[in-house]
Amino acid sequence: MSDAERPARPARSEPREVVELRAITQRHPELADAASMHIELVELHRRIRGRVPLPSFALSAEILARHEAEARPLLRFEEIPLDLTDLRLMVRQIADVLRRFGALEHADYQRVQTLGRDMKLLATVGEWYRSVADRHVTAGVGVAAPGAAPDDDGGMVAQVLTLAMRPFLSRCAEVLQQRPDLGTWTHPHCALCGAEPDFAVITPAAERHLICGRCTLRWKFEPLTCPYCRNSDRSMITSFATSDGQYRVYACDRCHRYLKAFDGRRATRPVMPLVDSVATLPLDAAAMQRGYMS
Ligand SMILES: [Zn+2]
Ligand SMILES: [Zn+2]
C-alpha cells in the first residue's frame with residue numbers, strides 16, 4: 001500500500017493505556033497526579049520495549065515439568081536480553097519521573113542516580129533479580145515462609161529496579177505466556193522470574209489468574225487461596241468488590257495481606273496492570289483501613 005492509499009490516522013495515536021489513564025483523570029481528579037506519573041512510565045516503558053529482542057531461553061514441556069516439580073522459576077538472569085545502555089537510561093529516567101511526582105525521597109533519588117552511573121549496575125541488578133528468583137529454591141519446594149515479607153523488601157531502590165527492568169522482563173514473559181503448558185504451573189510465585197503476584201484478573205470463565213509484579217506474566221491459581229501464605233480456609237478470606245463491580249479485593253485474615261483483581265467478566269477492555277493500579281488506589285486505602293497490607 002502506498003502512502004497515498006493509507007487511511008488517514010489521528011494526528012497523534014496514543015497507546016490504549018495512556019487513553020485509559022487520561023480517562024481516570026477525568027473521572028477522578030484526585031487521582032490526576034498518579035495518572036500523570038503513570039503516563040510517563042508507560043511512555044518510557046514503550047520506548048525501550050520496542051528495542052528489546054525476543055529472548056531465546058530453553059523451553060519445552062519437559063523443562064516446564066521439571067521446574068514445576070522443583071518450584072523453580074525458569075528464567076536465569078543471564079538469559080534476559082539486557083542492553084546496558086538502555087538499562088542505565090531506564091534506571092535514571094524512572095528515578096527522574098518518580099522524583100518529579102514526589103514518589104521518591106531525595107536520598108533514594110541520589111542513591112539511584114549513583115547506581116545508574118555505577119560500573120557495577122549489572123551486578124547490582126543481578127543480585128536484585130536472583131535474591132527473589134532463588135528464594136524458592138533455598139526455601140525447598142517453593143514455599144516461602146508463611147507471612148514472609150513482601151518482595152519490595154529493598155525499599156524504593158528495588159521499586160525503581162522493578163520498573164526499570166520491566167521492558168526487558170515483560171519481553172521474556174511474552175515468550176512463556178504463549179506456551180499452553182504454562183497451565184501446569186501450580187505455584188503462587190511467578191513461573192518465569194519467581195516474584196510475587198501484585199495484581200490478578202478474573203477471566204470470563206471465572207478463573208483467577210495472578211499477575212507477576214515484576215515481569216507481568218499471568219498464570220492460573222486457585223480463586224480463593226491466598227498466594228502469599230497459601231491459606232485456603234474460605235472463612236479466613238475476606239473478599240469485597242467495588243460498587244461498579246470492576247474490581248475485587250481478596251484479603252487474607254491469616255497473613256493480613258491483600259490482592260486486588262480486575263473482574264474481566266464484565267469488562268469492556270483487558271486488564272492493564274499499570275492503569276488498574278492507579279484506578280484502584282482508593283481500594284488500597286479501603287483495604288489498609290481494614291488492617292490489611294499489600
Ligand atoms: Zn515474573
Ligand atoms: Zn495469606
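A pocket, in the sense used in these legends, is an open set of grid points with protein on both sides within 12 Å along at least five of seven lines, and its lining residues are those that have an atom within 4 Å of a point. The model shown in every view is predicted.

**Figure 1. The second largest pocket and the residues that line it.** This pocket encloses about 530 Å³ of space. It is lined by 19 residues, and those closest to its centre are E17, H45, R49, T216 and P273. Three elements give two or more residues to this lining, namely α2 (32-49), α8 (155-177) and α9 (273-279). Which element gives the most to the lining of the second largest pocket? That element is α8, which contributes five residues. When the lining of the second largest pocket is sorted by class, eight residues are nonpolar, five are polar and six are charged.

**Figure 2. The site of the zinc ion (ligand 1).** Four cysteines act as the protein donors of this zinc ion through their SG atoms, C190, C193, C212 and C215, and they lie 2.3 to 2.4 Å from the ion. The angles among the four donor atoms run from 98 to 122 degrees, and the site is tetrahedral. Along the sequence, the donor residues of this ion follow the spacing C-x2-C-x18-C-x2-C. C190 and C212 link distant parts of the chain, since C190 sits in the loop between α8 and β1 while C212 belongs to strand β2 (residues 208-212), and the two are 22 residues apart. Both C190 and C212 are buried.

**Figure 3. The site of the zinc ion (ligand 2).** Here the protein donors are the SG atoms of C226, C229, C252 and C255, which lie 2.3 to 2.4 Å from the zinc ion. Why is the arrangement around this zinc ion called tetrahedral? The reason is that the four donor atoms subtend angles of 101 to 114 degrees, and four donors count as tetrahedral if all angles lie between 85 and 135 degrees. For comparison, the ideal angle for four tetrahedral donors at a metal is 109.5 degrees. In sequence, the donor residues of ligand 2 are spaced C-x2-C-x22-C-x2-C. C226, in the loop between β3 (218-221) and β4 (237-241), and C255, in the loop between β5 (247-252) and β6 (258-263), are 29 residues apart and link distant parts of the chain. Are C226 and C255 buried or exposed? C226 has a relative accessible area of 4% and is therefore buried, and C255, at 10% relative accessibility, also counts as buried, because the word applies to values under 20%.

**Figure 4. The surroundings of L192.** L192 is found in the loop between α8 and β1 (197-202), and with a relative accessible area of 0% it is buried. Leaving aside residues up to four places away in sequence, L192 touches F57, P73, L74, L75, Y129, L169, C172, A173, L176, C215 and L217. Among these contacts is C215, which is also one of the donors of the zinc ion (ligand 1). L192 and H67 are 125 residues apart in sequence, yet from C-alpha to C-alpha they are 9.9 Å apart in space.

**Figure 5. The largest cavity.** A search of the whole structure finds two cavities of 30 Å³ or more, and the largest holds about 60 Å³ of space. It is lined by 14 residues, of which R208, C226, P227, I237 and Y250 are the closest to its centre. The elements that give two or more residues to this lining are β5 and β6, and the largest share, three residues, comes from β5. Eleven residues of the lining of the largest cavity are nonpolar, one is polar and two are charged. C226, listed here among the residues closest to the centre, is also a donor of the zinc ion (ligand 2).

**Figure 6. The second largest cavity.** About 50 Å³ of space lies in this cavity, and its lining consists of L41, H45, I94, L163, R166 and L274. Two or more of the lining residues come from each of α2 and α8. By class, four residues of this lining are nonpolar, one is polar and one is charged. H45 appears here in the lining of the second largest cavity, and H45 is also among the residues closest to the centre of the second largest pocket.

Technical notes: Residues numbered from 1 in each chain as written. Chains lettered and ligands numbered in written order. Predicted model: local features only at pLDDT ≥ 70, side-chain atom pairs only at ≥ 80, totals over all residues. Heavy atoms only, no water. 1 Å grid on protein atoms, 1.4 Å probe; cavity = no way out; pocket = protein on both sides within 12 Å on 5 of 7 lines; lining within 4 Å. Points joined across faces, edges and corners; volume = space filled by probe spheres on them. Helix = DSSP H or I, 4+ residues; strand = E, 2+ residues; numbered from the N terminus. Nonpolar A, V, L, I, M, F, W, Y, C, P; charged D, E, K, R; others polar. Donors = N, O, S within 2.8 Å, 3.2 Å for Na, K, Ca; no water. Tetrahedral: all angles 85-135°; square planar, octahedral: opposite > 155°, others 65-115°. Buried < 20%, exposed > 50% of the residue type's maximum accessible area, 1.4 Å probe, protein only. Contact = heavy atoms within 4.5 Å.
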